[in-house]
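Good morning, everyone, and thank you for making the time. I would like to go slowly through one structure with you, looking at its ligand and its pockets.

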Amino acid sequence: MSQSIEDLTTLLKGKPEFAVTEPEPGFPVIEVTTPVSAGTVALHGAQVLTWAPTEHPPVLYVSPKAKMVPGQPVRGGVPICWPWFSAHPEDPSKPSHGFARTRFWELLSGDVDGKVVTLVFRLVPDEETKALFPHDFELTATIRMADKLRIGLKMRNTGDDVYKVSSALHTYLSVGHIDRIQLEGVKGSHYIDQLTSAEEEDVYQEKNLQIKGEVDRIYKSMSSVLIRDLDRHRSVFVDKAGSRSTVIWNPWKDKSKSIKDLPDKGYQEFVCVEAANAGTDKPTLSPGSSHTIQTVIGLRPLG
Ligand code: BG6
């Protein structure tokens with residue numbers, strides 16, 4: 001269960017930058033308005049749903065068929081995937097992309113400093129997470145909105161055993177049309193093609209990427225990605241830290257049709273560029289240690 005609307009409103013001390021809404025019963029969302037941008041963040045998953053600089057079209061894509069149902073992932077924005085990315089490595093019956101995106105997080109604070117608005121959320125284990133992942137942890141998500149959107153996920157091992165995690169800040173970027181975007185930043189790196197499951201055989205990315213079919217790749221890369229959006233006459237950058245892998249995903253025609261919470265042609269309107277720790281990039285957390293993964297998203301002129 002989430003904190004109540006009343007508790008959240010009290011915590012945010014009536015600051016005009018915040019409004020607490022409930023688009024679906026039991027599914028609180030914090031609306032954030034800064035002098036330079038606006039966005040929304042759900043308590044469920046500490047998930048940024050929308051964000052854009054003032055007077056710009058959306059930077060994030062949310063499926064018009066997305067469901068806001070506690071316990072189910074929301075298709076769009078920036079789901080936090082943790083403590084595993086994609087299918088569980090040993091047990092495919094466990095939920096895809098872990099449980100962080102389907103739990104209610106606790107809002108710890110909401111602060112305003114000039115043009116910068118910061119929300120901090122926490123997730124700690126309970127019986128349900130222990131059944132899926134028998135370890136102690138503390139996750140802290142720090143979401144900062146200003147002229148850029150910054151999301152940091154700090155994962156700390158609060159137990160006394162050593163474990164490995166994978167994760168992703170699964171960013172759905174809204175684009176004018178998938179046929180008219182170019183992705184820069186992965187050229188010259190190797191990737192694992194998740195569509196062929198050939199984990200051992202890395203593929204070399206020779207050119208800048210254009211999406212011309214289903215793409216589901218884990219790039220071994222620490223570089224930023226730039227999405228040149230020819231229809232919207234803008235570029236979107238995805239910078240990152242604490243991440244040696246970048247996931248690029250677009251389901252294309254057939255898979256879009258099989259995804260219930262995505263319109264058949266939804267694949268034309270987004271590409272996922274995810275700062276990740278995935279594939280062979282799996283940080284080890286020893287007792288008391290922590291790791292932080294971060295992504296920063298913003299707009300640039302097309303250039
Ligand atoms: C991507 C994965 O990150 O997420 C894909 O690489 C997966 O394999 C996609 O299909 C969507 O996952 P889900 O669980 O949100 O439908």
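Before we begin, please note that Ala, Val, Leu, Ile, Met, Phe, Trp, Tyr, Cys and Pro count as nonpolar, that Asp, Glu, Lys and Arg count as charged, and that the others, Gly among them, count as polar. By that scheme, the lining of the largest pocket has 10 nonpolar, seven polar and four charged residues.

This is a predicted model, in which local features need pLDDT of at least 70 and side-chain atom pairs count only at pLDDT 80 or more, while totals for chains, interfaces and linings use all residues. Residues are numbered from 1 along each chain as its sequence is written, and side-chain values use heavy atoms, with hydrogens and water left out.

A pocket here is found on a 1 Å grid over the protein atoms alone, as an open set of points with protein on both sides within 12 Å along at least five of seven lines, and its lining residues have an atom within 4 Å of a point. Of the 21 residues that line the largest pocket, Phe85, Ala87, Pro89, Ser166 and Lys282 lie nearest its centre.

Which pocket does the ligand take up? The ligand occupies the second largest pocket, where sitting in a pocket requires more than half of its atoms to lie within 2 Å of the grid points.

Turning to polar contacts, which are pairs of N or O atoms within 3.5 Å, a polar side-chain atom of Arg75 lies 3.1 Å from a ligand oxygen, one of Arg101 lies 2.9 Å from a ligand oxygen, and for Asp216 the distance is 2.5 Å.

Methods: Polar contact = N/O pair within 3.5 Å; in protein donor to acceptor, adjacent residues only side chain to side chain. 1 Å grid on protein atoms, 1.4 Å probe; cavity = no way out; pocket = protein on both sides within 12 Å on 5 of 7 lines; lining within 4 Å.
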